[in-house]
Every structure is written in structure tokens, then in C-alpha cells.
Amino acid sequence: MSAHFFPRDEYFMRLALREAERALEHDDVPVGAVIVRDGEVIGAGHNERELRNDPTAHAETLALREAAQSLRSWRVLDTVMYVTLEPCAMCAGAIILARVPRVIYATADPKAGAAGSVLDLLDMPQLNHRPQCESGLLAQEAADMLRAFFASRR
């Protein structure tokens with residue numbers, strides 16, 4: 001574990017991994033996200049694209065919706081988002097628009113990642129908000145879950 005992560009970061013990323021496992025129950029790509037404020041989970045989600053037949057039902061967007069409802073505000077301030085896979089462009093955009101101040105993701109997405117792999121929307125100076133973004137926390141566990149999911153489909 002890197003020095004810039006705290007024990008509580010690992011705890012919340014493990015909750016995100018549990019969310020990812022829930023996606024497997026309905027044959028969705030196992031990605032999970034939790035949003036934490038003051039040490040409390042205020043939003044959680046896992047991929048539900050297959051379940052809802054909704055291309056926007058990514059773990060991050062579902063967690064953001066729940067957090068916004070909890071806060072009664074579209075601004076999801078003073079929070080940390082933990083997500084098991086690097087956010088895509090849609091999710092990175094939603095994170096920026098929601099003003100999430102810190103994002104920690106487990107493993108990179110070399111095909112669609114928008115937090116440094118393919119694009120880096122979370123660090124574009126032209127945009128009005130740039131969350132602090134860190135990666136690599138429990139990356140192996142998240143990557144193994146994704147690999148197993150895709151291997152079972154080949």
C-alpha cells in the first residue's frame with residue numbers, strides 16, 4: 001500500500017470491491033463505487049447496465065445519484081469517491097460536475113480510462129473543477145475480478 005493511502009482508504013475500497021461483486025449477480029461488469037463523507041458511506045453503486053438496460057448505469061453514476069440524494073444537493077462536496085476501475089469519460093465528467101474533491105480508483109482502464117490512461121479529464125486545467133485523483137489501491141484484487149469476469153465470457 002502506498003504511503004499516500006490511509007487505513008480508512010483501504011477499508012472503503014474494500015466496500016467498493018464488495019459492490020463490484022454485487023454486479024456479478026446480474027451479469028454486469030464487476031465495478032463498484034462508494035462515496036464517503038465524514039467517515040460515512042453516503043452513496044454506493046455497482047454496474048447495472050445489463051440489469052437496467054441503461055448505458056449510463058455505471059457504478060460511479062449510481063453512487064453519485066445516491067450521494068446527491070443523501071446530501072440533498074447536486075454538489076457532492078467534502079467527499080471521497082472510491083471506485084474499483086478508473087472512471088470512463090462519462091463518469092469522469094459526472095465526478096467533475098458533482099464537484100467531488102477526491103477520487104481513489106483501484107485499477108487502470110487502458111481502453112476507456114479518463115483519469116490518466118486514455119484521457120485525463122480529472123486533471124484538465126480548462127475545466128472548472130479538478131479533483132485530487134489517486135490510483136493503485138487494491139489494484140490487484142480489482143484487476144483479478146475483472147479478468148475473471150471477462151475470461152468466463154471467452
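Let me begin with the largest pocket, which holds about 320 Å³ of space, and let me say at once that we are looking at a predicted model. The residues lining this largest pocket include Leu 85, the run Thr 107, Ala 108, Asp 109, Pro 110 and Lys 111, and then Ala 143, Leu 146, Arg 147, Phe 150 and Arg 154. If you follow helix 5, residues 139-151, you are following the element that gives the most to that lining, with 4 residues. Sorted by class, the lining of the largest pocket is made of 6 nonpolar, 1 polar and 4 charged residues.

The second largest pocket has a volume of about 220 Å³, and of the 13 residues that line it, those closest to its centre are Val 31, Asn 47, His 58, Leu 85 and Asp 109. By class, the lining of this second largest pocket has 7 nonpolar, 2 polar and 4 charged residues.

Now to the cysteines. How many disulfides does the structure hold? The number is 0. For Cys 88, the closest cysteine sulfur is that of Cys 91, at 3.7 Å, and this is too far for a bond because a disulfide needs the two sulfur atoms within 2.5 Å. Cys 88 is also buried, since its relative accessible area is 15%, and buried means under 20%. Cys 133 is likewise in no disulfide, and the nearest cysteine sulfur, again that of Cys 91, is 13 Å away. With a relative accessibility of 30%, Cys 133 counts as partly exposed.

Note on methods:
Residues are numbered from 1 along each chain as its sequence is written. This is a predicted model: local features need pLDDT of at least 70, side-chain atom pairs count only at pLDDT 80 or more; totals for chains, interfaces and linings use all residues. Side-chain values use heavy atoms; hydrogens and water are left out. On a 1 Å grid over the protein atoms alone, a cavity is a set of points where a 1.4 Å probe fits but cannot get out, and a pocket is an open set with protein on both sides within 12 Å along at least five of seven lines; lining residues have an atom within 4 Å of a point. Grid points are joined across faces, edges and corners, and a volume is the space filled by probe spheres set on the points. Helices (H or I, at least four residues) and strands (E, at least two) are DSSP runs, numbered from the N terminus. Ala, Val, Leu, Ile, Met, Phe, Trp, Tyr, Cys and Pro count as nonpolar, Asp, Glu, Lys and Arg as charged, and the others, Gly among them, as polar. Buried means under 20% relative accessible area, exposed over 50%, partly exposed in between (1.4 Å probe, protein chains only).
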